[in-house]
Amino acid sequence: MNYVFKDSPIGKLPTDWQAKQIQDVIVEYQNGYAFSAKGYVEEGIPIVSMAMISLKGIFQFDELKCKRWDSKEEHNLNRYILKKGDLLVAMTDVTPNKDLIGKMAVININGKFLLNQRVGCLKLNDKLIDTYYLAFIGNSENWLRNCRNIASQGAQANIGTKQIVE
């Protein structure tokens, strides 16, 4: 295939691509809910935690290890419902080198999940960007270095909504 490229503010791009800033492709950014351990149940909706975003940027769901929340509470938690294709971002990191902060993973299995605190969900304009492409960019060394640099210091590194979307 012969590709035709054009100049853009970030370098050469295929002619049918556009250079966009992240805030231009994000429709909504959702922070997670602070679920209390007192409310965990044996059967219910799985809660997506930081542990489900691997260092390789892959959604790693473990049916046996996940915490769950009562399905009867779903109507109160609609804004925290996740599904296949949603893009997650790690907002907290306790690893010594901050290897997880900013990592992105796409939910790649069917089901309904709940978004836990310190995990973010990016809702994208799919006419402007492919979710898997942004996840690829979100796991690039440039993005991760930026996240490590802006993360708050202390026992655990944190980034907030503002740092993600700007």
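In this predicted model, strand β4 (residues 40–48) runs parallel to strand β10 (residues 112–115), and two bridges join them. Within this pair, I47 stands opposite L114 of β10. Both strands belong to an open sheet of four strands, ordered β5-β4-β10-β6, in which the pairing is mixed. The edge positions are taken by β5 (68–69) and β6 (81–83); each has a single partner strand, so one side of each is left without a neighbour in the sheet.

A second group of strands deserves a look alongside this one. Here the order is β3-β11-β7-β9, again an open sheet of four strands, with antiparallel pairing. The edges are formed by β3 (26–31) and β9, each of which has a single partner strand, so that one side of each lacks a neighbour in the sheet. From one strand to the next, the twist averages 25°. Helix α2 (residues 131–138) packs on this sheet and touches β7 (87–90), β9 and β11, and the direction of the helix makes about 155° with that of β9.

Strand β11 is a good place to follow the pairing in detail. With β3, strand β11 (residues 119–124) pairs in the antiparallel sense over five bridges. Here L124 is the bridge partner of I26, while N31 stands opposite G120. Strand β7 also runs antiparallel to β11, and four bridges join the two; in this pairing A90 stands opposite V119. Five of the six residues of β11 are buried, so this strand is largely enclosed by the rest of the structure.

What, then, fills the interior? The largest nonpolar core has 23 residues, and those with the most contacts inside it are V48, F59, L82, L88 and L114. At least two residues of this core come from each of β4, β7, β10 and β11. Another core, of 22 residues, lies apart from it and includes L124, W143, A157 and I159. Returning to L82, and leaving aside its neighbours within four places in sequence, this residue is in contact with V48, L88, I107, G111, K112, F113, L114, L115 and C121.

The loops hold some charged residues worth a closer look. K103 lies in the loop between β8 (92–93) and β9 (104–106). Which side chain of opposite charge is nearest to K103? It is that of E141, 7.0 Å away; K103 is buried yet has no salt bridge, because a salt bridge requires a separation within 4 Å. Not counting residues up to four places away in sequence, K103 touches I53, S54, L55, K56, G57, L88, V89, A90, G138, N139 and L144.

K98 is found in the loop between β8 and β9 too. Although K98 is not a glycine, its phi is positive, at about 55°. With a relative accessible area of 16%, K98 is buried, because the cut-off for that class is under 20%. R118, in the loop between β10 and β11, has a positive phi of about 70° and is likewise not a glycine. Is R118 buried or partly exposed? At 29% relative accessibility, R118 counts as partly exposed.

Conventions:
Residues numbered from 1 in each chain as written. Predicted model: local features only at pLDDT ≥ 70, side-chain atom pairs only at ≥ 80, totals over all residues. Heavy atoms only, no water. Buried < 20%, exposed > 50% of the residue type's maximum accessible area, 1.4 Å probe, protein only. Lys, Arg positive; Asp, Glu negative; His and termini not counted. Contact = heavy atoms within 4.5 Å. Pairing = 2+ DSSP bridges. Axes fitted to C-alpha atoms, helices over the stretch in contact; angles between N-to-C directions. Core = buried A, V, L, I, M, F, W, Y, C linked by side-chain atoms within 4.5 Å.
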